[in-house]
Amino acid sequence: MMHKYKSIEAKTCLAEKRVAFVGDSRIRQLFYSFIKIIDPRQREDGNKHEDISFEDESSSVNVDFLWHPEANNSMKESLISWTHEASPKPDVVILGAATWSIKLHSGSSETLQQYKVNLTAIAVPLERLADHGEVYWVLQDPVNEKVLSENRKMITNQQLELYNEAAVDALNSSKRNSRSKVKLLAASRQAALETISQSEDGLHLPEGTRNVGAMILMNSVCNKLLRPIDGSCCQMLPPPNLLQKLSACFFLGSAVVFLFLHVLGNNRHRRPVPPDVESLEEKKPATAPVPLGQKAPFQALCRMGIIMAYFYLCDRADVFMKEQKFYTHSTFFIPLIYIFILGVFYSENSKENKLLNREQTDEWKGWMQLVILIYHISGASAFIPVYMHVRVLVAAYLFQTGYGHFSFFWLKGDFGLYRVCQVLFRLNFLVLVLCVVMDRQYQFYYFVPLVTFWFVIIYATLALWPQILQKRANTSGMWHLGVLAKLLILLLFICFFAYSQGFFESIFSVWPISKCFELNGSIHEWWFRWKLDRFAVIHGMLFAFIYLVLQKRQVMSEGKGETLFSAKISNLLLFLSIISFITYSVWASSCKNKTECNEMHPYISVVQILAFILIRNIPGYARSIYSSFFAWFGKISLELFICQYHIWLAADTKGILVLIPGNPSLNIMVSTFIFVCVAHEISLITNDLAQVVIPKDSVALLKRLGAVGLFSLVLLLLARGSKTIPGA
């Protein structure tokens, strides 16, 4: 993968350094593309066949181009002059030449032999310069022989290959050991092969292709210094830190304990006992939880350890390749059409006919998650209309969070600690493990902190005095006003924080809260994510309240095949919903600027969400069926969203994981199959461990929470202390 360097990054990398380009007009092209990364305002206005200098005063970067079109004594003398002790030496040297030698001597074999001799002599000062900095010899790119001018017809691709072979032999033969000091730069040749036909003169590369070459060069020079996550070449992988090593030991220890218990169990029960048919588990209610055995938690941790090893190999070890994303309409829309055909094909009758029943919400989460996955792997964020529609899907997830948790608390009234811990554990278990294993901050997996935060807000809003439940509200309509008052207060708090960024940052920058919301030392990412969908949860809570009140008063008809309201009202709402849905899509498709559209998004995303809900639920026949295909994915939607970061995408979502190089179609099928299986397995592991980690006994639960809190505090204090010691 290649990181796309910005000007500020290039200046940081090359600060107080000297870079020298030596060669012909092709190297001059590379020189201009290189300095345009540092300063995009630069123009190609230097004189041909002359030396050119560039200096950036803000970073003290000096980049020079020296005109030496042939690998001869003139080039050799310039290189030797840099090797003198008193002479200032360039930190990076990029050079290359061949086309002028072929042109001036009509591609004769004697010239090729002399080229080898000259390069062998030049290799000596190059190796001396390589001891001080980095030296790159640029291999020759192909030409388009058909459009070459008459005085360049002798420059053929066959000749260029011979000269490249001569350069490789000469520079490699100068080595006295296996380590090459002079690096051969040939990474951009593949791009040149595909684009040289667009060259105006057949010799010089199109601007886009030479920009790729310059960016590859910048990656080679800077990746080892700045270590961008999406720059997979030219940098050493950091060794595992202490927490990663401890986590590996923990999982290995769990595996050892599991094997010990497994062997011990086999020794105790060597003879298989025939099952007692009368006492089988099937006689218990289907909803009764199956008690886990003594070794079940260790088995779950053992499975989790194997999965985490796969995560590490995919995205932290240099085992599998990674490739860039390139968006095209076909890479997004064709898979989208395909999965929706599959979803429709697997339609089944619903067990319930209520609005937003469990099967329907699982279906909704499922198809939204699949769309988001296709959106991420295709790089569709570059296409603003798709980006804005996916923003609505994220808002819809938060809408469901508000709807689901409000409905549970309103109907069940269960504000117990066990329920809260169960929800928090299921939301955060995978992410907390990944934070340790993959060495990433909690906020990096932004959706989980967002959902966790809003769950706590929903809980606090409804649990604080006065606790207003459906049972109490049935006694007097005034309690309904109390719920609306609570929602209004919550809305005011949201608006206050949204329009007071300074206050927001001061609250979430306080230690230790900041550890949950900082990303790379800043809470800007948290501010952006929170503000973008700040009203989605309260919209879901308000919708749930209105729906449950109307349901209690039997205003709606939720029988099988019945429309939700009377025929006139249903038709009117359906018409308005379709118009609203289309209107939002037209507006999103006309967006030209992400920043401006994001400002409008929090206020109008609910329009398309409500329109979808009404279109999906008003007709009785639509409410009575669901897609089991989408619902299956909906049940593991959280795991899919998190796992994609490292085992489907790569480089922390910047690229695509390549398990099978050279065959993109087979690679995506294999990696997707493994990715979905892993997500499903993690969902099962999380459910198993939740039964063990979160006991129903309140005293035991409080003791465990106290132990976890104390352990977390110690870790935070140690982390904080290690950062303050250097500055003491």
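This is a short guided tour of a predicted model, with a selection to make at each stop.

**Stop 1: strand β4**

Start by selecting residues 92–96, which form strand β4. Is this strand buried or exposed? Five of its five residues are buried, so β4 is largely enclosed by the rest of the structure; buried here means under 20% relative accessible area. Colour the two faces separately if you like: Val92, Ile94 and Gly96 sit on one side, while Val93 and Leu95 sit on the other. Both faces are covered.

**Stop 2: the partners of β4**

Keep β4 on screen and add residues 18–23, strand β1. The two strands pair in the parallel sense, over five bridges. To see one matched position, show valine 22, which stands opposite leucine 95 of β4.

Now add residues 134–138, strand β5. β5 also runs parallel to β4, and four bridges join them. Which residue of β5 is the bridge partner of isoleucine 94? Show tyrosine 136 and you have it.

**Stop 3: the hairpin of β2 and β3**

Next, select residues 52–56 for strand β2 and residues 61–67 for strand β3. These two run antiparallel and are joined by five bridges. Serine 53 in β2 is a handy residue to click on, with aspartate 64 of β3 opposite.

Turn the view to look at the faces of β2. Ile52, Phe54 and Asp56 make up its covered face, whereas Ser53 and Glu55 lie on the uncovered one. Before leaving, look between the strands, where the hairpin has four residues. Serine 60 in this hairpin takes a positive phi near 55°.

**Stop 4: the largest cavity**

Time to look at enclosed spaces. The model has three cavities of 30 Å³ or more. The largest has a volume of about 210 Å³. To centre your view on this cavity, select Arg26, Leu30, Val138, Asp141 and Leu205, which lie nearest its centre among the 15 lining residues. Two elements give two or more residues to the lining: α2 (25–38) and α8 (207–226). Of the elements, α2 gives the most, with four residues. Sorted by class, the lining of the largest cavity has six nonpolar, five polar and four charged residues.

**Stop 5: the second largest cavity**

For the next cavity, select Arg426, Leu427, Leu430, Leu638, Glu639, Ile642, Ile682 and Thr686, which line it. Helices α14, α26 and α27 each give two or more residues to this lining. About 40 Å³ of space lies inside. The lining divides into five nonpolar residues, one polar and two charged.

**Stop 6: the second largest pocket**

Finish with an open space. The second largest pocket has a volume of about 1,900 Å³ and is lined by 47 residues. Which residues lie nearest its centre? Select Arg358, Asp362, Lys365, His405 and Arg419. Then show the helices around the pocket: among the elements that give two or more residues to its lining are α12 (358–378), α13 (384–412), α14 (417–437) and α27 (664–693). If you want to show one element alone, try α13, which gives the most to the lining, with 11 residues. By class, the pocket lining comes to 20 nonpolar, 16 polar and 11 charged residues.

Note on methods: Residues are numbered from 1 along each chain as its sequence is written. This is a predicted model: local features need pLDDT of at least 70, side-chain atom pairs count only at pLDDT 80 or more; totals for chains, interfaces and linings use all residues. Side-chain values use heavy atoms; hydrogens and water are left out. Buried means under 20% relative accessible area, exposed over 50%, partly exposed in between (1.4 Å probe, protein chains only). Two strands pair if DSSP finds at least two bridges between them. On a 1 Å grid over the protein atoms alone, a cavity is a set of points where a 1.4 Å probe fits but cannot get out, and a pocket is an open set with protein on both sides within 12 Å along at least five of seven lines; lining residues have an atom within 4 Å of a point. Grid points are joined across faces, edges and corners, and a volume is the space filled by probe spheres set on the points. Ala, Val, Leu, Ile, Met, Phe, Trp, Tyr, Cys and Pro count as nonpolar, Asp, Glu, Lys and Arg as charged, and the others, Gly among them, as polar.
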